[in-house]
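Here's a quick briefing to read with the model open in your viewer. It goes topic by topic, so feel free to click along.

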Amino acid sequence: MEKLTQGYGLIEGPVWFENKLFFSDVLGGGVFALDQDGKVETVSEHRRGIGGMAVHEAGGLIVSGRNISYKSFSGGETQLVLDRNEAAGNVGYNDLTTDAAGRIYVGSLGSSPVFADGREPQAGDLYLIELDGSARKVGEDIMLTNGLAFSADGLRLYHSDTARRTVNYYDVEQDGSLGAKQTFATFDAGAPDGLAVSEDGRVWIALAADGAGVAVFNEHGVQVDHLSIPQPMCTSVCFGGDDLSTLYVVSGSDGMASDKAGAVYAHPVDTRGCEVAVAKVSLS
């Protein structure tokens, strides 16, 4: 497990695109890109709370936080895609992913897990943003929504509920609707955060809250491996590299001597990651 860069508060939302790893700093703000030579550039400044990102076909990133927005790589104004609804108990959004059609699945937050908002912990829901930009609820009662990723065939959606220390899954219908929530894996040590799926069906789950690494499960929900990192707050993973056979692992500062200890690690693996489609939802 090679450390590539460090110095961030809470890294989240890793996305591989055009030979670079894009990631956010939830606490410090901003989006950054790490190239294969180890150079980091700032892609976007300021915005805090980005827990999930996806590349959009228009040439920019879909980002979460207080709302779902689009930020172009060329700059310009941020475009709103899906707003929050505090009156209905939706204070923002966390992790997200896309399906093969380019639709976006994103979990809402009933209360903020990192920013004090005076609310008692509340469950959130799971939303689908259609290609025309409309949104509908497709899942509910996720106490702390986190990692989302599809199986290789697109017929199963995995979803972390960090507060309940559980990864669930849903069967996916052709129109994007989801079946009943079913339990995939539960944890005594560590809380599941971001996750990714490889082509061979394994599910790679970042374990926060003293998880100290990545738990690897086969498609039947049996743990087959654990990859360690030298700090307790492992927050998310994604596949990248020339052939998607490098696992990138990101972390936060909890449990470390510095509040800027968030780091990015890389680890070669014996499989290819499933390619994550670009978002194609309307920006008009």
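Asp-25 is a good place to start: once you set aside neighbours within four places in sequence, Asp-25 is in contact with Tyr-8, Gly-9, Leu-10, Gly-30, Phe-32 and Lys-260. Keep in mind that this is a predicted model. Asp-25 lies in strand S3 and is buried, yet it has no salt bridge.

**Around Asp-25 and the loop after S3**

- Which side chain of opposite charge is nearest to Asp-25? That's Lys-260, and it is 4.5 Å away. A salt bridge needs the nitrogen within 4 Å of a carboxyl oxygen, so at 4.5 Å the pair of Asp-25 and Lys-260 doesn't count as one.
- The side chain of Asp-25 does have a polar atom 3.0 Å from the backbone nitrogen of Gly-28.
- Leu-27 sits in the loop between strand S3 (20-25) and strand S4 (31-35).
- Leu-27 is partly exposed, because its relative accessible area is 38%, in between the cut-offs of 20% for buried and 50% for exposed.
- If you want a distance to check in the viewer, the C-alpha atoms of Leu-27 and Ser-160 are 21 Å apart, with their positions 133 residues apart along the chain.

**Lys-20, also in S3**

- Lys-20 is another residue of strand S3, and it is partly exposed at 26% relative accessible area.
- Leaving out residues up to four places away in sequence, Lys-20 touches Val-15, Ala-33, Leu-34, Asp-35 and Glu-41.
- What does the Lys-20 side chain make with the side chain of Glu-41? The two make a polar contact at 2.5 Å.
- Ala-33 is 13 residues from Lys-20 along the chain, and their C-alpha atoms are separated by 6.0 Å.

**Salt bridges**

- As general background, side chains of opposite charge can pair when their charged atoms come close.
- Searching the whole structure turns up 11 salt bridges.
- Arg-84 and Glu-86 form one of them, at 3.7 Å from N to O. Arg-84 is partly exposed at 34% relative accessibility, and Glu-86 is partly exposed too, at 41%.
- Lys-137 pairs with Glu-140 in a salt bridge, and their closest N and O atoms are 3.7 Å apart. Lys-137 is partly exposed, with a relative accessible area of 46%.
- Arg-202 and Asp-200 meet in a salt bridge at 2.7 Å, N to O. Is each partner buried or partly exposed? Arg-202 counts as buried because its relative accessibility is 16%, under the 20% cut-off, whereas Asp-200 is partly exposed at 37%.
- Asp-99, Arg-103, Glu-130 and Arg-136 are joined into one network by salt bridges that share partners.

**The S6-S7-S8-S9 sheet**

- Here 4 strands make an open sheet in the order S6-S7-S8-S9, with antiparallel pairing.
- Strand S6 (53-56) and strand S9 (79-82) are at the edges; each has a single partner strand, so one side of each has no neighbour in the sheet.
- From one strand to the next, the twist averages 30 degrees.
- Inside the sheet, strand S7 (residues 60-63) and strand S8 (residues 68-72) pair antiparallel over 4 bridges. Val-63 has Ser-69 in S8 as its bridge partner.

**The S10-S11 hairpin**

- How many residues of strand S10 (residues 92-98) are buried? The count is 7 of its 7 residues, so the strand is mostly covered.
- S10 pairs with strand S11 (residues 104-109) in the antiparallel sense, over 5 bridges. Thr-98 has Ile-104 in S11 as its bridge partner.
- The two strands form a hairpin with 5 residues between them, and Gly-102 in the turn has a positive phi of about 95 degrees.

**The S18-S19-S20-S21 sheet**

- Another open sheet has 4 strands in the order S18-S19-S20-S21, and the pairing is antiparallel.
- Strand S18 (191-197) and strand S21 (223-228) are the edge strands, and each pairs on one side only.
- Neighbouring strands here are turned by 25 degrees against each other on average, direction ignored.
- S21 pairs with strand S20 (residues 213-217) over 5 bridges in the antiparallel sense, and Phe-217 stands opposite Gln-223 in S21.

Notes
Residues numbered from 1 in each chain as written. Predicted model: local features only at pLDDT ≥ 70, side-chain atom pairs only at ≥ 80, totals over all residues. Heavy atoms only, no water. Pairing = 2+ DSSP bridges. Axes fitted to C-alpha atoms, helices over the stretch in contact; angles between N-to-C directions. Buried < 20%, exposed > 50% of the residue type's maximum accessible area, 1.4 Å probe, protein only. Lys, Arg positive; Asp, Glu negative; His and termini not counted. Polar contact = N/O pair within 3.5 Å; in protein donor to acceptor, adjacent residues only side chain to side chain. Contact = heavy atoms within 4.5 Å.
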